[in-house]
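Subject: A structure for you to look at

Hello,

I am handing over a structure for you to explore, and below it you will find what turned up. Please keep it open while you read, so that you can look up each residue as we come to it.

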Amino acid sequence: MNMNQRIRHYIKSNGMTFTFVAKRAGIDIKKFSRFMNDKQQMTIDEYEIICKEGLRVDPSFFHKEKFLETKNTA
């Protein structure tokens, strides 16, 4: 699961909408939608803004699962 998919899953599983998160993060909704639909890559700065402002989670939150998957398969 790539980062965009993880964020998308988090948004949906927490009852949020793309519009809500985009507005809170101060990102144009069309651009945010392109991020979430894998049509445009986000920069690290955009990723941090989405996490910190839009979702109010630490950016490392979405890396934990991947780390555990990698650790468990080694």
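One definition before we start: a residue counts as buried if its relative accessible area is under 20%, as exposed if that area is over 50%, and as partly exposed in between. Take Phe61 as a trial case: its relative accessible area is 37%, so Phe61 is partly exposed. Please also keep in mind that this is a predicted model.

**The overall picture**

The chain has five helices and zero strands, so if you walk along the sequence you meet the pattern α-α-α-α-α. There are 74 residues in the chain, and 32% of them are buried. How much of the contact in the chain is between residues far along the sequence from each other? Counting contacts with a separation of 6 or more, 53% are between residues 24 or more positions apart.

**Two helix crossings**

Start with helix α1, which covers residues 3-13, and helix α3, which covers residues 29-36. Their axes are 8 Å apart, and the two pack at an angle of about 115 degrees. Angles of 65 to 115 degrees count as roughly perpendicular, and α1 and α3 are therefore described that way. On the α1 side, the contact is made by Asn4, Ile7, Arg8 and Ile11, and on the α3 side by Phe32, Phe35 and Met36. Sorted by class, this contact of α1 with α3 has five nonpolar residues, one polar and one charged.

The second crossing is between helix α2, residues 18-25, and α4. Here the axes come within 7 Å and cross at roughly 100 degrees, and α2 and α4 are therefore roughly perpendicular to each other too. Val21, Arg24 and Ala25 of α2 meet Ile49, Ile50, Glu53, Gly54 and Leu55 of α4. By class, the contact of α2 with α4 has five nonpolar, one polar and two charged residues.

**A cluster of rings**

Next, look for the aromatic side chains. The count comes to four aromatic pairs. One of them joins Tyr10 and Phe62, whose rings are 5.6 Å apart from centre to centre, with 85 degrees between the planes, an edge-to-face arrangement. Why does this pair tie together parts that are 52 residues apart in sequence? Tyr10 lies in helix α1, while Phe62 lies in the loop between α4 (44-55) and α5 (64-73), so the pair links those two parts.

Tyr10 and Phe62 are both buried. Phe62 also forms an edge-to-face pair with Phe61, at 5.1 Å centre to centre and 90 degrees between the planes. Through these ring pairs, Tyr10, Phe61 and Phe62 are linked into a cluster. Now you can put the opening definition to use: Phe62 has 4% relative accessibility and so counts as buried, whereas Phe61, at 37%, is partly exposed.

Phe62 has another partner to find. Arg6 is in helix α1, and a polar atom of its side chain lies 2.9 Å from the backbone oxygen of Phe62. Is Arg6 buried or exposed? Its relative accessible area is 7%, so Arg6 is buried, charged residue though it is.

**Lys31 and its contacts**

Lys31 is in helix α3 and counts as partly exposed, at 25% relative accessibility. Which residues does Lys31 touch, leaving aside its neighbours within four places in sequence? They are Gln40 and Glu46. With Glu46 there is a polar contact from side chain to side chain, at 2.8 Å. You can also check the C-alpha atoms of Lys31 and Met42: these residues are eleven apart along the chain, and the atoms are separated by 9.2 Å.

**Two backbone angles to look up**

Most residues other than glycine have a negative phi. Asp38 is not a glycine, yet its phi is positive, about 55 degrees. Asp38 sits in the loop between α3 and α4 and is partly exposed, at 42% relative accessibility. Arg56 is also not a glycine and has a positive phi, about 60 degrees. You will find Arg56 in the loop between α4 and α5, where it is exposed, with a relative accessible area of 57%.

Enjoy exploring, and write back with any questions.

Best wishes

Key:
Residues are numbered from 1 along each chain as its sequence is written. This is a predicted model: local features need pLDDT of at least 70, side-chain atom pairs count only at pLDDT 80 or more; totals for chains, interfaces and linings use all residues. Side-chain values use heavy atoms; hydrogens and water are left out. Axes are lines fitted to C-alpha atoms, for helices over the stretch in contact, and angles run from 0 to 180 degrees between N-to-C directions. Helices (H or I, at least four residues) and strands (E, at least two) are DSSP runs, numbered from the N terminus. Angles under 35 degrees count as roughly parallel, over 145 as roughly antiparallel, 65 to 115 as roughly perpendicular and the rest as oblique. Contact means heavy atoms within 4.5 Å. Rings of Phe, Tyr and Trp (its six-membered ring) pair if their centres lie within 6.5 Å; planes under 30 degrees apart count as stacked, over 60 as edge-to-face and the rest as tilted. Buried means under 20% relative accessible area, exposed over 50%, partly exposed in between (1.4 Å probe, protein chains only). A polar contact is a pair of N or O atoms within 3.5 Å; within protein, one must be able to donate a hydrogen and the other to accept it, and residues adjacent in sequence count only if both atoms are side-chain atoms.
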